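Notebook open, viewer open. I want to go through the fold and the charged pairs, and jot things down as I look them up.

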Amino acid sequence: MGGGPGKDMAHLFITVGWALAGFSLLGAAYALFAALQVHRFMRLEHPGAGARAAVTILKPLHGSEPGLLENLESFCLQDYAAPLQIVFGVHDAADPATRVVRALQAKYPALDLVLVIDTALHGSNGKISNLINMQAAAKHDVLVLADSDIAVTPRWLAQVTEALVRPGVGIVTCLYTGAVAPGEKGLWSRLAAMGTSYEFLPNVVVGTGLGLATPCFGSTIALTRNTLNEIGGFAVFADRLADDYHIGRAVREAGYLLAMPALGVAHTAAEPSFADLFRHEQRWRRTIRNLDPAGNAGSVVTFGFAFALMSALLLGFAPAGLCALAATLGARLILKHTIDRAFGTDAGPAWLLPLRDLLSFAVFVNALFGETVHWRGARFGIAPTGAMSQI
């Protein structure tokens, strides 16, 4: 007698449990490899300081957000021995971000801080429309773009411009770690920051280190005015969702190299609810799925802890399942420690890491289904080309 369907089902659970345990160990190995890649990346030599070029920093703004004053002020505190202009832009004179800019203009009267208010829209991407409106106010030929939720160190601009003058380089971008906005103590903001530091960042370092990816991020995009004109200007990207990625790709297709200096800037997380956090990360994940389907599918190996937990459940928390669970969690903790030490940051406590990993896996699975994203309070559909249209 074979024992019936119950025995067959139990056998299936055990088989799947062992398979998941084995796959989770691949995830543990990946986490350790990512830790090694992060360590190597941050040990790259910095190029010597050359002649400083005059720079215009473009800061498109939209509404008030926690930490906005501190983020924008960090750009006013650059240790940079050359002319520096910062152009801020909004679409609406009533935008609360204008008050923050006015406060900075009053606090730093010696700095060349310009505020552009222009209602013109040039496509579905409001940020790119803002940049098009702001560009006329830019005085200098080296342009550096940075999102409003980014904070930088005083040496950031010097390191970025040093990378831009390397032979063959046409565009520079920067890695970013997660940080919680000043005064923010909520769980969702902390989890968002941890997702940036302990999921996004190591995946980028591994991808670039192996030559599998050449990403460009809105955290920092530095290029010359001539290069921007050569790729058609900002207007080419007015309907693109991942405008930063498409700008980087256009510059590379024009025959230039992309450089990523060994430094990190801080991306400020301020998520008031679980729904906001999930929509934000779903947009990010669906954008990656749209731009790099193979890379998105391959990232399944990064969810070792989730697979180890499923394995432990299927195996009835047998020693083998528990060992896989411990191995994956230990490897993830090593990766967290390496990132925190290399970048001098701490996005969140170690005890939250299992919850963060399970949330990342849930976002990954959910993003496989559907073609819409939420951005700035509106819902957009994404075409296979990366173009977006408001629904």
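**Charged pairs around one lysine**

I began at Asp-340, which counts as buried at 13% relative accessibility. The cut-off for buried is under 20%, so Asp-340 makes it. A note to self before going on: this is a predicted model.

Which side chain does Asp-340 meet in a salt bridge? I found Lys-336, with N to O at 2.7 Å. Both residues sit in helix H12, which covers residues 319–343, and they are 4 residues apart, about one turn of the helix. I then checked Lys-336 for burial: its relative accessible area is 8%, and it is buried.

Lys-336 also forms a salt bridge with Asp-346, where the closest N and O atoms are 3.1 Å apart. I traced that pair along the chain: Asp-346 belongs to the loop between H12 and helix H13 (353–367), Lys-336 to H12, with their positions 10 residues apart. Buried or exposed, this Asp-346? Exposed, at a relative accessible area of 51%. Over 50% is what exposed requires, so Asp-346 passes at 51%.

**Other salt bridges**

How many salt bridges are there by the count? I got 14. Arg-52, Arg-155 and Glu-162 form a linked network of them.

I also pulled up Asp-141 and Arg-225, whose side chains meet in a salt bridge at 3.3 Å, N to O. This pair links distant parts of the chain, 84 residues apart: Asp-141 is in the loop between H4 and S4, and Arg-225 is in helix H7 (residues 225–230). The partners differ in burial, as I read them: Asp-141 counts as exposed at 52% relative accessibility, whereas Arg-225 counts as buried at 18%.

**The loop next door**

His-140 is in that loop between H4 and S4 too. I looked up its burial and got a relative accessible area of 16%, so His-140 is buried. What is His-140 in contact with, once neighbours within four places in sequence are set aside? My list reads Ala-54, Val-55, Thr-56, Pro-83, Gln-85 and Arg-225. Arg-225 was already in my notes as the salt-bridge partner of Asp-141.

**The sheet**

Next I walked across the strands. There is an open sheet of 7 strands with mixed pairing, in the order S3-S2-S1-S4-S8-S6-S9. Why is one side of S3 and of S9 left without a neighbour in the sheet? Strand S3 (112–117) and strand S9 (257–259) are at the edges and have a single partner strand each, so that side stays unpaired. On average, neighbouring strands are turned by 25 degrees against each other, direction ignored.

At the S9 end, I noted 3 bridges joining S9 to strand S6 (residues 169–173), the two running parallel. Val-172 stands opposite Ala-259 there.

I checked two helices against the sheet. Helix H4 (residues 126–135) packs on it and touches strand S1 (55–60), strand S2 (84–90), S3 and strand S4 (142–145). The direction of H4 makes about 140 degrees with that of S1. Helix H8 (residues 243–253) lies across S6, strand S8 (221–224) and S9, at about 160 degrees to S6.

**Strand S1 up close**

How many residues of S1 are buried? I count 6 of 6, so the strand goes down as mostly covered, under 20% being the test for each residue. Val-55, Ile-57 and Lys-59 point one way, while Thr-56, Leu-58 and Pro-60 point the other. I did pause at Lys-59, since it is on the buried list as well.

S1 has S2 on one side, joined by 6 bridges and running parallel. Pro-60 faces Gly-89 of S2. To get from S1 to S2 the chain passes through helix H2 (residues 68–76), a right-handed β-α-β crossover. S1 also pairs with S4, again in the parallel sense, over 4 bridges. Leu-58 stands opposite Leu-145 in S4.

**Last lookup: Ile-14**

Ile-14 lies in helix H1, residues 4–41. Its relative accessible area is 42%, and I logged Ile-14 as partly exposed. How far is its C-alpha atom from that of Leu-315, 301 residues away along the chain? The separation is 5.7 Å.

Note on methods:
Residues numbered from 1 in each chain as written. Predicted model: local features only at pLDDT ≥ 70, side-chain atom pairs only at ≥ 80, totals over all residues. Heavy atoms only, no water. Pairing = 2+ DSSP bridges. Axes fitted to C-alpha atoms, helices over the stretch in contact; angles between N-to-C directions. Contact = heavy atoms within 4.5 Å. Buried < 20%, exposed > 50% of the residue type's maximum accessible area, 1.4 Å probe, protein only. Right-handed = clockwise from strand over helix to strand, strands pointing away. Salt bridge = Lys/Arg side-chain N within 4 Å of Asp/Glu carboxyl O.
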